[in-house]
Amino acid sequence: MDFIFEPPQRVTLPVEGTDAVFPVRRVFCVGRNYAAHTREMGHDPDREPPFFFCKPADAVATGPSIPYPPQTSDMHFEIELVAAIGKGGSDIPIADALSHVFGYGVGIDLTRRDLQGEAKKLGRPWDWGKGFDNSAPMSGLKPVSQTGHPETGRVWLSLDGDMRQDGDLSEMIWPLPDIISLISQSMRLEAGDLIMTGTPAGVGAVRPGQTLKGGVEGVGEIEVSIT
């Protein structure tokens with residue numbers, strides 16, 4: 001097969017403690033999956049069906065720094081547990097969902113909140129607010145053999161050493177098995193897919209020159225500077 005130009009390099013995440021890498025296919029994100037965050041965003045935290053959006057695979061960033069994006073003056077941070085899918089499937093039963101997970105990492109959903117807000121007002125998609133370059137910085141992944149399947153554990157983020165988000169995985173409205181099952185009812189999940197599982201309360205703005213550091217207990221940590 002002759003390509004008309006050199007294909008882009010495949011986006012990957014390192015698998016910690018090995019030389020292996022995880023090839024990224026899609027990035028699914030769960031909206032408003034922690035009650036306190038749902039309230040701070042001005043919505044009712046009742047257990048409504050979850051909603052999803054996607055980021056492109058090349059939004060994933062693994063370096064120690066990323067540039068502040070264009071067309072915004074209000075970029076926000078959202079710390080999240082990331083689940084990495086290692087086995088595909090459709091209509092996955094909740095009871096079998098975790099068998100499809102390869103491992104876990106830590107991610108930050110960066111959001112151009114001003115652009116997202118305008119899109120909400122106009123009833124438009126969130127792509128420009130959520131799917132920009134480097135909008136999904138992530139740690140390396142740890143396989144399930146090292147982490148188990150975390151159901152509880154601290155989820156936190158600090159901005160220049162000041163604690164901003166401090167929640168627990170047990171506060172998820174929709175746990176990961178439900179999320180996997182629901183996504184797979186709409187479209188087939190495949191090995192290489194990543195799921196960002198939602199963020200606790202305390203989201204806020206980050207500016208150039210500031211540093212974000214966060215983690216998920218039992219999974220790992222991430223640190224990234226905004227330039």
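I take buried to mean under 20% relative accessible area, and with that cut-off in hand I looked up two aromatic residues in this predicted model: Phe53 is buried, and Trp126 is buried as well.

**Entry on the rings.** I next asked how many aromatic pairs the model holds, and the count comes to three. Phe53 and Trp126 form one of these pairs, with 5.6 Å from centre to centre and 50 degrees between the planes, which makes the pair tilted. I then traced where the two partners sit along the chain: Phe53 belongs to strand S4 (residues 51-55), while Trp126 lies in the loop between helix H2 (113-122) and helix H3 (127-130), so that the pair links distant parts of the chain, 73 residues apart. Following the ring pairs further, I found that they link Phe51, Phe53 and Trp126 into a cluster.

**Entry on a charge and a ring.** I looked up Lys55 and noted that this residue lies over the face of Phe132, at 6.0 Å from the ring centre.

**Entry on a sheet.** I turned to an open sheet formed by three strands, which I read in the order S10-S7-S16, with antiparallel pairing. Which strands stand at the edges? I found strand S10 (111-112) and strand S16 (204-205) there, each with a single partner strand, and therefore one side of each is left without a neighbour in the sheet. Looking at how strand S7 (residues 75-77) meets S10, I noted that two bridges join these antiparallel strands, and that His76 stands opposite Thr111 in S10.

How values were computed. Residues numbered from 1 in each chain as written. Predicted model: local features only at pLDDT ≥ 70, side-chain atom pairs only at ≥ 80, totals over all residues. Heavy atoms only, no water. Pairing = 2+ DSSP bridges. Helix = DSSP H or I, 4+ residues; strand = E, 2+ residues; numbered from the N terminus. Phe/Tyr/Trp six-rings, centres within 6.5 Å; stacked < 30°, edge-to-face > 60°. Buried < 20%, exposed > 50% of the residue type's maximum accessible area, 1.4 Å probe, protein only. Lys NZ or Arg CZ within 6 Å of the ring centre and 35° of its normal.
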